[in-house]
Amino acid sequence: MQTTTFKGTTVNLAGNALNVGDKAPSVIATGTDLSDVEIGGAKDNIQLIITVPSLDTDTCAAETRRFNQDVNNLDICETTVISMDLPFASQRFCTTSGIENLTVASDYIDKEVSKAFGVLMDDNKLKGLSARAVFVIDRSGEIVYKEIVPEVTEEPNYEAALDAIKEAR
């Protein structure tokens with residue numbers, strides 16, 4: 001079982017423990033307009049999949065804003081940030097934060113994305129939320145980069161994720 005920590009306390013992660021080299025499952029999240037957002041699997045573009053607990057935290061908001069800036073010039077990349085927030089709250093966040101270069105989706109209904117990617121926090125006070133993680137998926141649907149951030153309250157390695165996208169070209 002994979003783990004992360006929350007303020008130093010170990011949190012177990014439920015779901016499929018995917019690794020670099022595995023095929024990314026194709027799953028559905030809910031868009032801010034309640035539409036289906038398909039992530040994973042083979043696609044025409046490289047995919048950057050980012051999971052966060054909630055956009056209503058400083059760290060998650062900062063991470064989403066940072067990736068929104070960083071992927072602005074990467075037309076080869078389809079970026080999706082997935083949280084457990086309600087779609088309406090996610091839409092409000094996007095509007096007030098100027099998020100225009102990536103898709104924000106929710107996994108609140110059945111947690112299908114979090115289970116399929118092995119990032120569903122299974123215990124502790126954050127049980128039921130997604131861990132902070134980053135996946136880069138190449139056009140064939142293979143995971144070429146994975147980071148489960150060791151401490152949920154910290155930001156990911158942006159440079160490593162962006163390098164993985166550029167290498168997947």
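Student: With 169 residues, what radius of gyration does the chain have?
Tutor: Start from the yardstick: a compact globule of 169 residues would come in near 15 Å. The radius is taken over C-alpha atoms, and the globule rule is 2.2 Å times the number of residues to the power 0.38. The chain agrees with that expectation, at 14 Å.

Student: What pLDDT do local features need here?
Tutor: Residues are numbered from 1 along each chain as its sequence is written, and side-chain values use heavy atoms, leaving out hydrogens and water. This is a predicted model, where totals for chains, interfaces and linings use all residues, side-chain atom pairs count only at pLDDT 80 or more, and local features need pLDDT of at least 70.

Student: In what order do the elements run from the N terminus on?
Tutor: Helices (H or I, at least four residues) and strands (E, at least two) are DSSP runs, numbered from the N terminus. The chain has 4 helices and 10 strands. Laid out in order, they read β-β-β-β-β-α-β-α-β-α-β-β-β-α.

Student: Is Asp-107 buried or exposed?
Tutor: Asp-107 sits in the loop between strand 7 (103-106) and helix 3 (112-116). Buried means under 20% relative accessible area, exposed over 50%, and partly exposed in between (1.4 Å probe, protein chains only). At 2% relative accessibility, Asp-107 counts as buried.

Student: Which residue's backbone nitrogen does the side chain of Asp-107 reach?
Tutor: Leaving aside residues up to four places away in sequence, Asp-107 touches Ile-82, Ser-83, Met-84, Glu-112, Val-113 and Ser-114, where contact means heavy atoms within 4.5 Å. Ser-83 is 24 residues away from Asp-107 in sequence, with 6.0 Å between the C-alpha atoms. The backbone nitrogen that the side chain reaches, at 3.1 Å, belongs to Glu-112.

Student: How far apart are the closest N and O atoms of Lys-43 and Glu-78?
Tutor: A salt bridge is a side-chain nitrogen of Lys or Arg within 4 Å of a carboxyl oxygen of Asp or Glu, and the whole structure holds 4 of them. Lys-43 and Glu-78 form one, with their closest N and O atoms separated by 2.7 Å. This pair links distant parts of the chain, with Lys-43 in the loop between strand 4 (36-39) and strand 5 (46-51) and Glu-78 in strand 6 (residues 77-83). So the N to O distance you want is 2.7 Å.

Student: Which residue forms a salt bridge with Arg-132?
Tutor: The closest N and O atoms of Arg-132 and its partner Glu-63 are 2.6 Å apart. The two are 69 residues apart, Arg-132 in the loop between strand 8 (120-121) and strand 9 (133-137), Glu-63 in helix 1 (residues 58-70). Arg-132 is buried, and so is its partner, Glu-63.

Student: Which residue is linked with Arg-66 and Asp-70 in a network of salt bridges?
Tutor: The side chains of Arg-66 and Asp-70 meet at 2.9 Å, N to O. They lie 4 residues apart in helix 1, which means a separation of about one helical turn. Arg-66 is partly exposed at 28% relative accessibility, and Asp-70 is partly exposed at 23%. The network adds Glu-159.

Student: What is the relative accessible area of Phe-88?
Tutor: Phe-88 is found in helix 2 (residues 87-97). Phe-88 counts as exposed because its relative accessible area is 53%.

Terms used: Polar contact = N/O pair within 3.5 Å; in protein donor to acceptor, adjacent residues only side chain to side chain.
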